[in-house]
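Please open the model in your viewer and keep the sequence panel beside it, ready to select residues by number. The tour goes from one stop to the next, with a note on what to find at each.

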Amino acid sequence: MVARYNTFQILAGIGSSVGSLIGYGAAWLFFRYMPAFVAHGFSIQLPALAFDALAIVILIAITLSGYRQWKKRGGFYGYHESSLYHDLGEDTAAALVVDFYAHRVTGPAYMLSQLFLAGPLLALRAITHFRNLIPAQSGLDERLGGSDC
């Protein structure tokens, strides 16, 4: 029983670590190359080191935000629970059309925010899985199996 539990914790920790690397990688690529793309579009010439530094600062901010959210026992949340969700009502056609077009912007923004927060949240979840490992002791399975809990 303990070996099965530890195996699950190790696999969940490894999976969370891989997900964290994907989240951090996506955030790095986005915040490293998107500002450079926008600056190039406006004919602003900055050294590549400036964009690297900007990406690092943003990743630190994302990590702190994810840690703060994790400390509040938070985590991933649904679109309807996010601050990006809005409901202008269905009273008039104008409100319905504005609501439809506004969700075209806030929907992808929500998806990107969840992808970027996956880095720190999944890293913290991986640490939790690895801390939950039960040390192997002789006779522990028998003692756990004999309890009436």
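Begin by selecting D52, which in this predicted model is partly exposed, because its relative accessible area is 23% and the partly exposed class lies between the 20% limit for buried and the 50% limit for exposed. Keep D52 selected and add R32: the two form a salt bridge in which the closest N and O atoms are 2.5 Å apart. This pair links distant parts of the chain, since D52 belongs to helix α2 and R32 to helix α1 (residues 2-41), with their positions 20 residues apart in the count. R32 itself counts as buried, because its relative accessibility of 11% falls under 20%. By the rule applied here, the count comes to one salt bridge.

Next, stay with helix α2 (residues 48-71) and move along to R68, which is placed in that helix. R68 counts as exposed, at 51% relative accessibility. If you then add L121 to the selection, the C-alpha atoms of R68 and L121 turn out to be 9.8 Å apart in space, although the two residues are 53 apart in sequence.

For the last stop, select I10, I14, V18, I22, F130 and L133 together, and show their surface: these residues make a nonpolar surface patch of about 490 Å². Helix α1 gives the most to this patch, with four residues. Finish on L133, which sits in the loop between α3 (93-131) and α4 (140-146) and is partly exposed, with a relative accessible area of 32%.

Conventions:
Residues are numbered from 1 along each chain as its sequence is written. This is a predicted model: local features need pLDDT of at least 70, side-chain atom pairs count only at pLDDT 80 or more; totals for chains, interfaces and linings use all residues. Side-chain values use heavy atoms; hydrogens and water are left out. Helices (H or I, at least four residues) and strands (E, at least two) are DSSP runs, numbered from the N terminus. Buried means under 20% relative accessible area, exposed over 50%, partly exposed in between (1.4 Å probe, protein chains only). A salt bridge is a side-chain nitrogen of Lys or Arg within 4 Å of a carboxyl oxygen of Asp or Glu. Patches are made of residues with over 30% relative accessible area and no salt bridge: like charges are joined within 9 Å, nonpolar side chains (Val, Leu, Ile, Met, Phe, Trp, Tyr) within 5 Å. Accessible areas come from the Shrake-Rupley method with a 1.4 Å probe; for residues, only the protein chains shown count as cover.
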